[in-house]
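Student: Could you take me through one part of this model slowly, with the terms explained as they come up?

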Amino acid sequence: MIKASERNPAQARLQQQIDAGDYWLQRIAAGETLRITDLEGNQAADTLFFNADDTAERYSMSETLRGQHNVFLTAGSVLRSNLDRPMLTITADTCGRHDTLGGACSCESNTVRYDLEKRHMHSCRDSWMLAVAAHPESGLTRRDITHNINFFMNVPVTHDGGLTFADGISAPGKYVEMVAQMNILVLISNCPQLNNPCNGYNPTPIAVSVW
Ligand SMILES: [Zn+2]
């Protein structure tokens, strides 16, 4: 569902650009709003959410999809935790659809999907591993890296129930906005993947804003 936001970027308390292949680890407080903007279009933002006060509670794809009876995320979606509690609600979305089924890229998936020699290409899982290793104060470990959301990524479900990676439906300046319902630790990998159309074969920067 396409729904624009009234928020003024000039009033955001934090605005940052995340280059392709970089990660972003940040705490946002309950009641704050996070916007992720696809600056140049066709970019996937692979995102994990944790309860900032107890990181054993984290985003759950299965609770979220079961709760909303739909496999795609958009305005109105409530992002639920493994304890089946609401973590964030998507309040605006100018892209219209986001994936949470496709998972994140890793050296293993690079090898299986593309080629043995793609194993050492940079992946989202590598970026998350780097983030948790560089930030022990977050309390996160590699065991906390589980299912994620791929904002802006287009993973249509076929008639037979299959999943395909398709060319993106996002475009320059499209954004998704969500309000936190608990204190949240956000971990984004701005996807470096070069081997499938989720980034248009050309990973580009995204921006984050917090109000
Ligand atoms: Zn990726």
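Tutor: Let us begin with one pair of residues, where Q15 stands opposite S209 in strand 10. This is a predicted model, in which local features need pLDDT of at least 70 and side-chain atom pairs count only at pLDDT 80 or more, while totals for chains, interfaces and linings use all residues. Residues are numbered from 1 along each chain as its sequence is written, and side-chain values use heavy atoms, with hydrogens and water left out.

Strand 10 covers residues 206–210 and is joined by 5 bridges to strand 1, the two running antiparallel; strands here are DSSP runs of E with at least two residues, numbered from the N terminus, and two of them pair if DSSP finds at least two bridges between them. In general, strands of a sheet pair through backbone hydrogen bonds, either parallel or antiparallel. The two strands belong to an open sheet of 6 strands, in the order 1-10-3-8-6-5, with antiparallel pairing. Its edge strands are strand 1 (14–18) and strand 5 (78–80), each of which pairs on one side only.

S209 also leads us to L34, because S209 is among the residues that L34 touches, as are V208 and V210, where contact means heavy atoms within 4.5 Å. L34 is in turn one of the residues with the most contacts inside the largest nonpolar core, which has 29 residues. Such a core is a set of buried Ala, Val, Leu, Ile, Met, Phe, Trp, Tyr and Cys residues joined through side-chain atoms within 4.5 Å, and buried means under 20% relative accessible area (1.4 Å probe, protein chains only).

Notes: Buried < 20%, exposed > 50% of the residue type's maximum accessible area, 1.4 Å probe, protein only. Helix = DSSP H or I, 4+ residues; strand = E, 2+ residues; numbered from the N terminus. Lists of a residue's contacts leave out its neighbours within four places in sequence.
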